[in-house]
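Biologist: Got a minute to walk me through this fold? I'd like to go over the sheet, the helices on it, and one residue elsewhere.

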Amino acid sequence: MAAIVLDIGGTAIKSGLYENGTLSEIRETATEAAAGGAHVVNRAKDIIASYRGICAFDRIGISTAGQVNPAEGTIIYANENIPGYTGTRLKDILEQEFQVPVDVENDVNAAAIGEASFGAGKNRSDFVCLTYGTGVGGALFANGKLYSGSSYSAGEFGAIIVHPEDRDASRDIFSGCYERYASTTALAASARKLDPAFSNGRIIFEHLAEPEVQKVIDAWIMEIVYGLITIIHIANPSCAILGGGVMEQPYVLQQVKEKLFQNIMPSFGHVEIKKAELGNRAGMLGAAVLNSYHSRQ
C-alpha cells in the first residue's frame, strides 16, 4: 500500500505518493496561507482526496511549517506566515476525514529525517541540518536520533542572536537574530538596495561577477558562517547539511567552507559541510517514513 505525503509550506504544498522507496504523482499547489490555518487544512484535505482515484493508500505523512508536537500531531506554534495555524490538531482532523493513520512533523525535522534516511545524512549518527530560505530552519541529530528538546521545538537555530546591537524583542522576537541576516530574505533585502529588480537569489547570483553584487553576497555568506560557528561549537556534529534553493549555487558552499574553517577551533575541523542531497523532495521523503521513524523513537 502507498502513503500520501504532503509538505506544507507558506507558499506551496508539495504532495505525492510514496511506495517502495519511490515518490510519484508529485504535485505543487499554492498554499494560500494568507487565508489562514483553517483554509490551509482544507487545501490539504482536497489534495489528499484528489489522490483517491489514483491509488489506494493506508497512511498519510505530513511535513509542515510551524513547531509541531509529533506525539499529538498538533501545531504548537506558527508565525504570521500562516495566520491562525497555531493549535491546529492536524493529525486528528485528517484521521477523522480519511480513516487512516497520520503522522505529522515540523518541515525542517522532516527534511532532516529524509536526509538521514535517503540523502546526505545517511549513515551519520550526529549531524545538523539547516535550511536557508524565507527564514532559517534547523534540526539536530544526536546518537542517531532527532533531538526534539523538552517540548519538541529544538533546532530553532534562526533565533541565535548574532547582532545584539539590533535586538529589540518587544518589536520583533527575531530582531538581531540569525534568521534576519542569513536567510535568502535578508540577502534579497540587501541586494535591493543596489537594484530593486534583485528580488530573489536566482536573479542576484546572475550578477555575481559585478563587484558591488559580490560584495553584498560575500557579506551575507559571512552571516551564514557566524551562525554556523556557534552551532558547530555547541553541537560538535560530524556533518552540517545545508539546504534551501540558494545552496545550489556552488559559490555559496565553497565560500562557507573556506570562511568557516578559518573561524572554528582546530579540534572541530573534522566537521564536513555538505549540500542537502534531496532538494525540495526532502520534506516529502521524510514525511513518507515518519510512521516507522516515530515508532522507533
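Biologist: How many bridges join strand β9 to β10?

Modeller: Keep in mind that this is a predicted model. Strand β9 covers residues 136-142 and runs antiparallel to β10. One of the pairings puts Ala-142 opposite Lys-145 of β10. The number of bridges joining β9 to β10 is two.

Biologist: Which strands are the edge strands of the open sheet?

Modeller: The sheet has five strands with mixed pairing, in the order β10-β9-β8-β11-β12. An edge strand here pairs on one side only, which leaves β10 (145-146) and β12 (272-275).

Biologist: Which strands of the sheet does α8 touch?

Modeller: Helix α3 (residues 107-118) packs on the sheet too, touching β8, β9, β10 and β11, at about 50° to the direction of β9. For α8, the direction makes about 165° with that of β12. The strands α8 touches are β11 and β12.

Biologist: Are α7 and α8 parallel or oblique to each other?

Modeller: Their axes are 9 Å apart and the packing angle is about 55°. The crossing of α7 past α8 is right-handed. The contact includes Trp-220 and Leu-228 of α7 and Tyr-251 and Val-256 of α8; by class it has 13 nonpolar, two polar and two charged residues. Angles from 65 to 115 degrees would be roughly perpendicular and those under 35 roughly parallel, so α7 and α8 are oblique.

Biologist: And is Leu-23 buried or exposed?

Modeller: Leu-23 sits in strand β3 (residues 22-30). Beyond its close sequence neighbours, its contacts include Val-5, Arg-281 and Met-284. Its relative accessibility is 12%, and the cut-off is under 20%, so Leu-23 counts as buried.

Technical notes. Residues numbered from 1 in each chain as written. Predicted model: local features only at pLDDT ≥ 70, side-chain atom pairs only at ≥ 80, totals over all residues. Heavy atoms only, no water. Axes fitted to C-alpha atoms, helices over the stretch in contact; angles between N-to-C directions. Helix = DSSP H or I, 4+ residues; strand = E, 2+ residues; numbered from the N terminus. Parallel < 35°, antiparallel > 145°, perpendicular 65-115°, else oblique. Left-handed = near helix turned anticlockwise from the far one by under 90°. Contact = heavy atoms within 4.5 Å. Nonpolar A, V, L, I, M, F, W, Y, C, P; charged D, E, K, R; others polar. Buried < 20%, exposed > 50% of the residue type's maximum accessible area, 1.4 Å probe, protein only. Pairing = 2+ DSSP bridges. Lists of a residue's contacts leave out its neighbours within four places in sequence.
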